[in-house]
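Visitor: Hi! I have a protein model open on my screen and I'm new to this. Could you walk me through it?

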Amino acid sequence: MLSDKDLDELDALLLSIPEEAGGMLLPELDGFFAGLVVSPEMIPPGELLPHVWGANGTGSPPRALTTSAMTSAAAPRPR
C-alpha cells in the first residue's frame, strides 16, 4: 500500500505530464490498475505503462520519473 506521501508524489508526477499528451490522473490510474488486477490475462508493463503516460499509448514517462522516482522505488522499504 502506498503512503500519503507516495500518493502525493505520484499525483504530482502524473500532473507533470502535459495535458495535451492525455496522460492519466491519479483517479484514472487507480481505476486502470483495478481493471488490470481483475483481468484474466497478464499485461506486460511495457504494453500498459505507455497508456499511463498518454499520447494514445505511445507516451514516455515524465523526466522526473526516470530520476528520483525510480531511485526511490528501488530503495528498500522499512517493514
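Guide: Happy to! This is a predicted model, and its chain has four helices and zero strands.

Visitor: What pattern does the chain follow along the sequence?

Guide: Reading along the sequence, you get α-α-α-α.

Visitor: How much of the chain is buried?

Guide: Buried residues make up 18% of the 79 residues in the chain.

Visitor: And how much surface does the chain expose?

Guide: About 6100 Å² is exposed, and carbon and sulfur atoms supply 61% of that area.

Visitor: What about contacts between residues far apart in sequence?

Guide: Take the contacts in the chain with a separation of 6 or more: 43% of them come from residues 24 or more positions apart.

Visitor: Let's talk helices. How do people describe two packed ones?

Guide: They use the angle between the two axes and the distance between those axes.

Visitor: OK, so how do α2 and α3 cross?

Guide: Helix α2 covers residues 26–38 and helix α3 covers residues 45–53; their axes come within 11 Å and cross at roughly 160 degrees. Angles over 145 degrees count as roughly antiparallel, so α2 is roughly antiparallel to α3.

Visitor: Is that crossing left-handed or right-handed?

Guide: The crossing of α2 and α3 is right-handed.

Visitor: Which residues make the contact?

Guide: From α2 you have L29, F32, F33 and L36, and from α3 there are L48, H51 and V52.

Visitor: Those numbers in α2 seem spaced out. Is there a general idea behind that?

Guide: Here is the general rule: an α-helix has 3.6 residues a turn, so residues three or four places apart point the same way.

Visitor: Nice. What classes of residue are in the contact of α2 with α3?

Guide: That contact has six nonpolar residues, one polar residue and no charged ones.

Visitor: Which residues of α3 are buried?

Guide: In α3, the buried ones are L48, P50, V52 and W53.

Visitor: And H51, is it buried or exposed?

Guide: H51, which sits in helix α3, is in between: its relative accessibility is 41%, so H51 counts as partly exposed.

Visitor: How far is H51 from M24 in space?

Guide: Their C-alpha atoms are 7.8 Å apart, while in sequence H51 and M24 are separated by 27 residues.

Visitor: What comes just after α3?

Guide: There you'll find G54, with a positive phi of about 105 degrees.

Visitor: Changing topic: where is D11?

Guide: D11 is in helix α1, which runs over residues 4–15. With a relative accessible area of 28%, D11 is partly exposed.

Visitor: How about P27, buried or exposed?

Guide: P27 belongs to helix α2, and P27 is exposed, at 65% relative accessible area.

Visitor: Last one: how far apart are D11 and P27?

Guide: Along the chain they are 16 residues apart, and from C-alpha to C-alpha the separation is 9.2 Å. Try finding both on your screen!

How values were computed:
Residues are numbered from 1 along each chain as its sequence is written. This is a predicted model: local features need pLDDT of at least 70, side-chain atom pairs count only at pLDDT 80 or more; totals for chains, interfaces and linings use all residues. Side-chain values use heavy atoms; hydrogens and water are left out. Axes are lines fitted to C-alpha atoms, for helices over the stretch in contact, and angles run from 0 to 180 degrees between N-to-C directions. Helices (H or I, at least four residues) and strands (E, at least two) are DSSP runs, numbered from the N terminus. Angles under 35 degrees count as roughly parallel, over 145 as roughly antiparallel, 65 to 115 as roughly perpendicular and the rest as oblique. A crossing is left-handed if the near helix is turned anticlockwise from the far one by less than a right angle, and right-handed if clockwise. Contact means heavy atoms within 4.5 Å. Ala, Val, Leu, Ile, Met, Phe, Trp, Tyr, Cys and Pro count as nonpolar, Asp, Glu, Lys and Arg as charged, and the others, Gly among them, as polar. Buried means under 20% relative accessible area, exposed over 50%, partly exposed in between (1.4 Å probe, protein chains only). Accessible areas come from the Shrake-Rupley method with a 1.4 Å probe; for residues, only the protein chains shown count as cover.
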